[in-house]
Amino acid sequence: RPRVFDRQGKAAAAHRRARGLADRCGQNAAYADSYRQFVDDVRSREAKAVKGSEKLAAAVARYLFKLMAYKDEYEVARLYTDGSFARSVAAKFKGDYEVRHHLAPPLLAKRDPETGHLLKQEYGPWMMQAFSVLAKLKGLRGTAFDPFGRTAERRMERQLITDYRDTLSVVLSGLKPANLELAVEIASVPEDIRGYGHVKERHVAEAKTNEATLLDAYKAGKSRAPVFMAAE
């Protein structure tokens with residue numbers, strides 16, 4: 001769950017994440033600004049609804065960043081070629097060795113005929129050269145020329161960002177001291193979204209179900225998350 005910062009620390013953390021979206025994640029300045037502005041708006045509206053609180057803003061700063069900093073093909077390529085991966089491998093292995101990658105690129109991978117899941121394939125050392133080229137093409141991200149932008153997973157990830165903002169707008173419209181903790185719980189739902197491909201799809205589905213339950217409770221005027229009893 002969100003870490004506790006003092007007020008200056010919270011603002012600084014949000015700004016660091018915004019810079020990360022523009023620099024580390026290769027997104028443009030407008031993308032980073034949209035993150036910063038949304039977090040600042042949450043912080044301002046929370047302060048009016050619950051005097052002295054920044055719990056919700058801290059959660060939003062963390063989890064909106066998580067959604068916006070999704071690891072697409074360009075980011076994976078950057079992580080492999082920024083030098084840290086090569087240093088890590090060199091520190092663990094000596095002598096002659098060859099690095100091979102097991103990947104399931106959405107535009108190339110075959111699907112399991114029974115499950116429909118993408119199947120990983122082995123790629124040789126030449127993949128590092130491909131990663132190097134791909135990392136330099138990060139400027140295509142989000143444009144009409146992005147070859148990966150229309151894949152189901154990329155569309156899902158962009159939709160998650162839109163849905164999260166819409167959900168927080170609903171939360172903020174009814175925020176008050178009594179339901180602050182439930183609001184933070186709703187804002188923290190992306191904590192459970194992880195993985196890639198069908199694994200991420202499963203986590204998203206579970207997170208969406210949890211979010212719907214929490215949001216229903218919030219709209220019903222409840223002050224805390226529902227408690228589920230195990231079936232006997």
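1. Which residues are linked with Lys200 in a network of salt bridges? They are Glu73, Glu153, Arg154 and Glu157. A salt bridge here is a side-chain nitrogen of Lys or Arg within 4 Å of a carboxyl oxygen of Asp or Glu, and the count by this rule is 18.

2. The model is predicted: local features need pLDDT of at least 70, side-chain atom pairs count only at pLDDT 80 or more, and totals for chains, interfaces and linings use all residues. Residues are numbered from 1 along each chain as its sequence is written, and side-chain values use heavy atoms, with hydrogens and water left out.

3. Within the network, arginine 154 and glutamate 73 form a salt bridge whose closest N and O atoms are 2.8 Å apart. This pair joins distant parts of the chain, with arginine 154 in helix H7, glutamate 73 in helix H4, and these positions 81 residues apart. Helices are DSSP runs of H or I with at least four residues, strands are runs of E with at least two, and both are numbered from the N terminus. Both side-chain partners, arginine 154 and glutamate 73, are buried (under 20% relative accessible area; exposed is over 50%, partly exposed in between; 1.4 Å probe, protein chains only).

4. Arginine 36 and aspartate 33 also meet in a salt bridge, at 2.6 Å from N to O. Arginine 36 and aspartate 33 are about one helical turn apart because they are three residues apart in helix H2 (residues 29-49). Arginine 36 is partly exposed at 22% relative accessibility, and aspartate 33 is partly exposed at 31%.

5. A further salt bridge pairs arginine 100 with glutamate 98 (2.9 Å, N to O). Arginine 100 is partly exposed at 41% relative accessibility, whereas glutamate 98 is exposed at 51%.
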